[in-house]
Amino acid sequence: MWDFFIDHLAILMFFTLIGVMFVGYPVAFVLGATGVFFALLGIWGGVFRPVQFASLLPRVYSQAVENQVLVAIPMFIFMGTMLERSRVAEQLLHTLQVLLRRVPGGLALSVTLLGTIMAATTGIVGASVVMLTLIALPVMLERGYQKELSVGTIASAGTLGILIPPSIMLVIMGDLMSIPVGTLFAGAFLPGLLLSALYVIYIIALAWWRPHLAPPLGANEGPQTAGELWSLTWRTFIPPAALICLVLGSIFAGWATPTEASGVGCAGAILLAIFNKQFSLKILREVMHSSALTNAMVFFIIFGATLFAYVFRALGGDDIVVDVLKAVGITTGWEILIFVMILVFIMGFFFDWIEICLIVLPIFGPIIGNADFGTFVQGKQVVLAWFAILMSINMQSAFLTPPFGFALFYMKGAVPAGVTMGHIYRGIIPFVAIQMLGVAICIAFPDFVLWLPRYWGFLQ
């Protein structure tokens with residue numbers, strides 16, 4: 001019995017992590033404490049040597065402290081928080097409403113397009129969902145939009161920030177999987193636009209089929225002359241579009257690394273706040289304080305994840321996972337990929353994206369990287385980049401699926417009276433289905449993910 005316990009420490013470690021996470025303790029502490037506890041058990045059982053702890057500090061130091069790519073995380077967090085305070089989104093939503101007033105479901109389309117644009121400038125889901133709920137939901141309800149359609153549109157649009165670059169999740173995934181962040185940014189761009197396009201098609205089709213769910217806006221709303229329309233567009237649409245081009249364009253063109261581009265984004269966000277007369281030392285202090293707290297949380301999680309992954313592999317976790325997959329008959333690359341996609345979707349009901357990343361990627365990343373997909377997708381780096389983007393699309397559902405979908409709780413805290421969790425749960429169902437359709441499309445047609453990285457020279 002004791003020998004069986006020692007031989008399967010890695011499996012016990014994995015399920016202990018999942019169990020303790022359900023208790024609600026902070027993820028960073030859970031990861032680190034679980035790693036230390038099972039390392040001590042391994043020392044007691046003779047399968048982990050105390051001297052192996054000496055390799056941990058250099059590993060953490062090189063993984064996080066010396067890694068210049070991770071400098072982009074606090075910079076992008078600062079950029080997103082500053083843009084949230086600068087009222088760029090509020091003005092942009094009004095402009096999009098005017099431009100799309102004659103299209104079926106024009107107000108819902110405006111929210112989706114605004115979520116897409118803000119995703120390319122912020123990358124922070126919580127801020128985007130709350131901001132969209134506060135500025136768009138009252139207007140949609142006032143115009144007679146169905147509550148379920150309204151909240152579903154806002155939640156799905158707000159979560160695009162986790163996929164469309166510059167995404168904090170992609171920076172962390174690139175570090176965990178040793179993939180250049182520029183490769184992931186380029187790979188996620190078209191799938192992000194694909195999801196946005198699928199949302200748009202669904203909204204237009206629904207508004208055309210059942211117009212009472214999304215009443216059209218009046219044709220006389222907004223500017224009445226071409227000059228007024230151009231002036232409105234120039235003031236509200238061009239500045240954020242220019243910031244997107246500066247940040248993403250400099251990365252894709254090879255002019256700047258993601259770290260350098262994040263600095264450009266911060267400067268651009270401050271200039272936009274000044275342009276909108278929303279900049280002050282008080283706002284700057286608040287933004288820096290919020291950014292510092294978020295950044296500390298992310299890096300603490302990276303430290304804990306490094307410790308957990310190190311001990312898990314030292315206890316033979318990789319080999320055990322391969323043996324378990326073979327035992328249940330999952331041996332080919334396609335079978336493993338489908339298994340992981342289903343596993344990630346189910347985990348999304350209970351865990352946040354960062355927890356899923358830190359549990360799944362260290363275990364299944366090396367296995368997928370060495371899997372054989374025939375001539376469909378070839379090359380370890382190409383396979384890993386493809387897999388990372390599939391994971392990113394799939395993990396969007398973690399924000400939307402009950403009972404622990406964080407975007408739903410962000411929204412619930414900001415919705416007006418009369419909108420219940422029942423409305424929110426029913427509203428997100430079709431959008432989660434659309435996300436799964438997006439995963440299926442990117443599995444069946446890998447060029448949606450791989451074409452842009454190859455075009456820009458990130459992949460061969």
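The following dialogue examines why certain labels are given to parts of this predicted model.

User: How do you know that Arg-426 forms a salt bridge with Glu-148?

Analyst: The closest N and O atoms of Arg-426 and Glu-148 are 3.1 Å apart. A salt bridge requires a side-chain nitrogen of Lys or Arg within 4 Å of a carboxyl oxygen of Asp or Glu, so the pair qualifies. Side chains of opposite charge can pair when their charged atoms come close.

User: What makes this pair a link between distant parts of the chain?

Analyst: Arg-426 belongs to helix H21 (residues 421-444), whereas Glu-148 belongs to helix H9 (residues 147-158), and the two are 278 residues apart.

User: Why is Glu-148 called buried, and why is Arg-426 called partly exposed?

Analyst: Glu-148 has 15% relative accessibility. Buried means under 20%, so Glu-148 is buried. Arg-426 has 47% relative accessibility, and because this value lies between 20% and 50%, Arg-426 is partly exposed.

User: How many salt bridges does a search of the whole structure find?

Analyst: The search finds 2 salt bridges. One of them joins Arg-454 and Asp-447, whose closest N and O atoms are 3.6 Å apart. That distance is within 4 Å, and therefore the pair counts as a salt bridge. Arg-454 is partly exposed, with a relative accessible area of 35%, and Asp-447 is also partly exposed, at 47%.

User: Why is Ile-367 classed differently from Ile-346?

Analyst: Ile-367, in helix H18 (residues 353-369), has 13% relative accessibility. This is under 20%, so Ile-367 is buried. Ile-346, in helix H17 (residues 333-347), has 45% relative accessibility. This lies between 20% and 50%, so Ile-346 is partly exposed.

User: What makes Ile-346 suitable for a nonpolar surface patch?

Analyst: A patch residue needs over 30% relative accessible area, and Ile-346 has 45%, so Ile-346 passes that cut-off. The patch is made by Ile-338, Ile-342, Ile-346 and Phe-350, and its area is about 350 Å².

User: How do you know that the length of helix H6 agrees with expectation?

Analyst: Helix H6 (residues 88-99) has 12 residues, which at 1.5 Å a residue should span 16 Å. The end C-alpha atoms are 17 Å apart, so the two values agree.

User: Which residues of H6 are buried?

Analyst: The buried residues of H6 are Val-88, Ala-89, Leu-92, Leu-93, Thr-95, Leu-96, Gln-97 and Val-98. Each is called buried because its relative accessible area is under 20%.

Notes: Residues numbered from 1 in each chain as written. Predicted model: local features only at pLDDT ≥ 70, side-chain atom pairs only at ≥ 80, totals over all residues. Heavy atoms only, no water. Patch = residues over 30% accessible without salt bridge, like charges linked within 9 Å, V, L, I, M, F, W, Y side chains within 5 Å. Areas by Shrake-Rupley, 256 points an atom, 1.4 Å probe, with all protein chains shown as cover. Helix = DSSP H or I, 4+ residues; strand = E, 2+ residues; numbered from the N terminus. Buried < 20%, exposed > 50% of the residue type's maximum accessible area, 1.4 Å probe, protein only. Expected span 1.5 Å × (residues − 1).
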